[in-house]
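Reader: I've got a new model open and I'd like to learn how to read it feature by feature. Can you walk me through it?

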Amino acid sequence: IFSIFFYQDSNMNASPVVNVLRLLPAVCAPVPYRFPIVDGLGGRTGVVAESWGNEPTVQGGSYLLLTGNSRMYVTNESAMSPLFPPNKQEWSQVQYERLQLLGKALHFTVNVNHVGCDCIAAIYLVAMAAPATEGSGYCDIQGVGGTPPCVEVDLLEANRNAAQTTIHTQSGHGQDGHCNQDGCAAHFQSAERRFGPGPSHVIDTSRNFDVVAAFSANGALQVMLGQEGNEVIIFNSMKDGNGGKPEQPISKEDQSLLREAMEDGMVLTLSLWHSEDLSWLQGPHCSGECDLAKAQFSISNVMITEISPPPMPPPPLLPPPASPPMLQQTLGVVAFVVLVLPLLAAVVVYLYKQKAKQLESDAPCAADEDKERAPIPLLLTLSAAAEDGHCDTGGAKVETLTGCRQQRSRASKLQMPMMEEEEQSMCKASEEEDEFEATLRKHCTAMRASNSGGAMAREVRDAGATRQCEAAKEWDV
């Protein structure tokens, strides 16, 4: 068995150089092809290829071309000897690079233009153990070669006419709600015009396109394809479960199994193979056959990036002062109309009444002044009383007049309101009567003293009549 070991220096600058060509004993297990390939995985990494497959081609340390039937795995070159000593001739000496991708995104560029119908290029992660003396220790969800099945994440299974992403976490078949051997899958086909050869497709498979597989911290997966500004999401754990319903998320159990496998680290695996029935991938309309010996695909620009956490939301703004609800506004208006307006009206009415009472109280005084200005009717009354001899007056009226005057004086000192209308009228009447009686007593006394009461009374009556006529004329004017 002949094996060739390719190695580059730590700077990954030179093309692969054949360091050693050895003839290995037939009793030894097949030794893998070792290639340093990528400088974007956080260290010196390479690939080891199964010896039953074709030898891959490496260019520039970051471009890998697979041709024909083959399968290879990414290795940790930093933990392996750069030379090829005898103690490194067995699979047990190979150390895989176990990618830690939770909360990160795996990027790579692919070209599947030369992978036709019934051939498939696969780039996927498997939770395989360390290699054993007898072989690579490869495993997948199908449990090939007697190896127990393991968690498998097919980031991209594709040819030039179709592409698919699938998660497998446990055994089983059919749409049982789990990511079983049939898997939680989503795919594109050429007939959908999203993936296929030619510019009429969103992703033109005749040219290179980019793949970004992003894993959240809890193991949720989203795979996006991009090409010259065009982007399309091929898989999303939130809607591509295996339950037979549209947009059904994968189960919590499957996501938990995937997260556990990824916490231990998974091995990036590349393969190219052929099958007589790939209808699950490409559908029934893919024409032509694939010559596996001539089929090839390339992968390059492999790197891992951190997924930026979502930006912190801005602090919440203070809410604006809440406007009173419509009901409160309505109640406020009603309360104003029912309570305030009647109160204002009552105040206005009260002031109006007070003013009216004041005017009414001033009216008798004005009337008294008018009577004082016109003494003729009083003189006529005096003359009549003198003729009849009514010169005696009572004392009760004097008490009434005195009480009225005292009440007025007391109210004025205490700044009390005017007396009621009836009391005012009574007081005015008493004053008038008292004035009349006082005048009558004066004239009666005078007439008695002169012993000429009858003649004087007639003179007074005559003079009074004349004066009354003149007063009537003045009143008319």
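Author: Below we go through strands, charges, backbone angles and a surface patch, one topic at a time. Keep in mind that this is a predicted model.

Reader: Let's start with strands. Which way do the side chains of strand 12 point, and are they buried or exposed?

Author: The general idea first: in a regular strand, side chains alternate between the two faces of the sheet. In strand 12, A162, Q164, T166 and H168 point one way, while A163, T165 and I167 point the other way. Both sets are buried. Put as a count, seven of the seven residues in strand 12 (residues 162-168) are buried.

Reader: Which strands pair with strand 12, and in what sense?

Author: Strand 11 (residues 152-159) is joined to strand 12 by six bridges, and the two run antiparallel. You can find the register from E157, which stands opposite Q164 in strand 12. The connection between strand 11 and strand 12 is a hairpin through two residues. Strand 13 (residues 184-189) also pairs with strand 12, again antiparallel and over six bridges. There, T165 has A186 in strand 13 as its bridge partner.

Reader: Now something a force-field person worries about: a buried charge. What does the side chain of D154 contact?

Author: The general idea is that side chains of opposite charge can pair when their charged atoms come close. D154, which lies in strand 11, is buried yet has no salt bridge. The nearest side chain of opposite charge is R71, 11 Å away. What the D154 side chain does have is a polar contact with the side chain of H168, at 3.2 Å. H168, remember, is one of the buried residues of strand 12.

Reader: How many salt bridges are there in the whole structure?

Author: Five turn up in a search of the whole structure. Among them is the pair K104 and E306, whose side chains meet at 3.9 Å, N to O. The cut-off is 4 Å, so this pair counts. K104 sits in strand 9 and E306 in strand 20, 202 residues apart, and the pair links distant parts of the chain.

Reader: How do strand 9 and strand 20 pair?

Author: They're antiparallel, with eight bridges between strand 9 (residues 104-114) and strand 20. K104 and E306 are bridge partners too, so on top of that backbone pairing comes the side-chain salt bridge. As for cover, K104 is partly exposed at 22% relative accessible area, whereas E306 is exposed at 59%. Strand 20 (residues 296-306) also pairs with strand 6 (residues 63-67), antiparallel, through five bridges. One partner pair to look up there is L66 and F297.

Reader: Which residues form a network of salt bridges?

Author: Look at R207. D204 forms a salt bridge with R207, with the closest N and O atoms 3.4 Å apart. E228 forms one with R207 as well, at 2.6 Å between the closest N and O atoms. E228 lies in the loop between strand 17 and strand 18, and R207 in the loop between strand 15 and strand 16, so the pair ties together parts 21 residues apart in sequence. Shared partners join D204, R207 and E228 into one network. Accessibility varies along that network: D204 is buried at 5%, R207 is partly exposed at 34%, and E228 is exposed at 69%.

Reader: On to backbone angles. What is the phi of D118, and where is D118?

Author: Here the thing to look for is a positive phi in a residue other than glycine. D118 has phi near 75° and is placed in the loop between strand 9 and strand 10. At 17% relative accessibility, D118 counts as buried. Another case is E247, with a positive phi of about 55°. E247 lies in the loop between strand 18 and helix 1, and at 64% it counts as exposed.

Reader: Last one: which residues make the nonpolar surface patch?

Author: V333, V334, F336, V337, V338, L339, V340, L341 and L344 make a nonpolar surface patch of about 790 Å². For one member, V333, the place is helix 3 (residues 326-373). V333 has a relative accessible area of 53%, so it's exposed.

Terms used: Residues are numbered from 1 along each chain as its sequence is written. This is a predicted model: local features need pLDDT of at least 70, side-chain atom pairs count only at pLDDT 80 or more; totals for chains, interfaces and linings use all residues. Side-chain values use heavy atoms; hydrogens and water are left out. Patches are made of residues with over 30% relative accessible area and no salt bridge: like charges are joined within 9 Å, nonpolar side chains (Val, Leu, Ile, Met, Phe, Trp, Tyr) within 5 Å. Accessible areas come from the Shrake-Rupley method with a 1.4 Å probe; for residues, only the protein chains shown count as cover. Helices (H or I, at least four residues) and strands (E, at least two) are DSSP runs, numbered from the N terminus. Buried means under 20% relative accessible area, exposed over 50%, partly exposed in between (1.4 Å probe, protein chains only). Two strands pair if DSSP finds at least two bridges between them. Lys and Arg count as positive and Asp and Glu as negative; His and the chain ends are not counted. A polar contact is a pair of N or O atoms within 3.5 Å; within protein, one must be able to donate a hydrogen and the other to accept it, and residues adjacent in sequence count only if both atoms are side-chain atoms.
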